[in-house]
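Thanks for coming. I will go through one structure today, helix packing to begin with, then the rest. Please have the sequence and the 3D view open.

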Amino acid sequence: MPELPEVERGREVAEAVCRGRRIETVYCPVDRIALVRASAAAVRRALVGARVDAVARHGKQLWFELDRRPWLLVHFGMTGALHGADARSRGAARPPFCRLELRLEGDRILSFVDPRRFGRIGLAEDPRREPPVSTLGFDPLLEMPSLRGFRLMLARRRGNVKALLLDQTFAAGVGNWIADEVLYQARIDPRRRVESLAPREVAAVHRRLAGIVRTAVEARSVPSRFPRSWLFHRRWGKDADARTHDGRRLVHATIAGRTTAWVPEVQR
DNA sequence: CTCAGTGTTCAGTG
DNA sequence: TCACTGAACACTGA
């Protein structure tokens, strides 16, 4: 479920595998233009022989900082993930749906897998200064604005509150489940409009957004480590008698174009 | 067999 | 310009 915490986990994995090492070989089967924006040859040329100095992230965008340009940019889409492996124990076997594989010094392997191919692999000279990264809003883990700054940002926005939370030019990295979790914990009905929120509701959104993202990242994005009280554990599937941990009924509907779960008894 | 889906983007409408 | 909707993308799994 690649939202900010899952991508941050991917960044950690990538750093652990790659940092300070040179890329020796690259496997990149370009069978779809959409998945790999640059040609496979360009990806190979950019990566083979380059040393990975760091792996950075902003929102759901991840990039590899190399000792030369361009750099590698990765987006996980709906089903993307990064896996580390050791060539000595795994041999040449590739995981299913592998779209990019880097073999590095020290027999390290980093694989990008993406069954549904909504992910994106690209090259960029300076990712932070060019789209898509440059168009993103604040990252709630790296640069959560103050409550005052947050209020000013909201004052310039209109429309559905869930749509705002999903807008990557507002808060980068928030996806469907985080948006629902924030609204549940802030006790706000997802059908509300931003301009209707009372100051204390804005403060609740601010606090919960920061808290949920931090907690999920500290849990290394492992759902069983998320607090039991989270809506997260109950929202999957549209079970007609789904209940929260304390027995309140969940409902599902499409809001802002996405499946949305909420608890009418709690969210007003 | 049908259909929803953790994300993004684009075209079209009001 | 902005807000919003629906479709498209590609594939899995319920």
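Helices H6 and H7 in this predicted model are oblique to each other, because their packing angle is about 130° and angles of 65 to 115 degrees would count as roughly perpendicular, while those over 145 would be roughly antiparallel. To find them, look at residues 176-185 for H6 and 199-218 for H7. Their axes are 9 Å apart, and the crossing is right-handed.

Which residues of H6 and H7 meet? On the H6 side they are Ile178, Glu181, Val182 and Gln185. On the H7 side they are Val205, Arg208, Leu209, Ile212 and Val213. Sorted by class, that contact has six nonpolar residues, one polar and two charged.

H7 has a second packing to show, with helix H4, residues 147-155. The axes of H4 and H7 come within 10 Å and cross at roughly 115°. That angle makes H4 roughly perpendicular to H7. The crossing of H4 with H7 is right-handed.

From H4, the residues that meet H7 are Leu147, Phe150, Arg151 and Leu154. Opposite them, H7 brings Val202, Ala203 and His206. The classes in the contact of H4 with H7 are five nonpolar, one polar and one charged.

Now the chain as a whole. How is chain A divided? Domain 1 covers 4-135, and domain 2 covers 147-262. Between their C-alpha centres there are 30 Å. Ten residues of domain 1 and eleven residues of domain 2 take part in the contact between them.

Which helix gives the largest share of the domain 1 side? That is helix H1, residues 4-18, with six residues. Taken by class, the side of domain 1 that touches domain 2 has four charged residues, three polar and three nonpolar.

Last item, the DNA. How many residues surround DNA strand C? The number is 13, and the closest are Pro115, Arg116, Arg117, Arg158 and Gly159. If you want to place those on the domains, domain 1 runs over 4-135 and domain 2 over 147-262. The surface near strand C divides by class into five charged, five nonpolar and three polar residues.

To go back over the helices: H6 is oblique to H7, and H4 is roughly perpendicular to H7. That is the end of my part.

Definitions and conventions: Residues are numbered from 1 along each chain as its sequence is written. Chains are lettered from A and ligands numbered from 1 in the order in which they are written. This is a predicted model: local features need pLDDT of at least 70, side-chain atom pairs count only at pLDDT 80 or more; totals for chains, interfaces and linings use all residues. Domain bounds come from an automatic or database domain assignment. Two residues are in contact if their C-beta atoms, placed from the backbone, lie within 7 Å. Helices (H or I, at least four residues) and strands (E, at least two) are DSSP runs, numbered from the N terminus. Ala, Val, Leu, Ile, Met, Phe, Trp, Tyr, Cys and Pro count as nonpolar, Asp, Glu, Lys and Arg as charged, and the others, Gly among them, as polar. Axes are lines fitted to C-alpha atoms, for helices over the stretch in contact, and angles run from 0 to 180 degrees between N-to-C directions. Angles under 35 degrees count as roughly parallel, over 145 as roughly antiparallel, 65 to 115 as roughly perpendicular and the rest as oblique. A crossing is left-handed if the near helix is turned anticlockwise from the far one by less than a right angle, and right-handed if clockwise. A residue is near a molecule or strand if its C-beta atom, placed from the backbone, lies within 6 Å of it.
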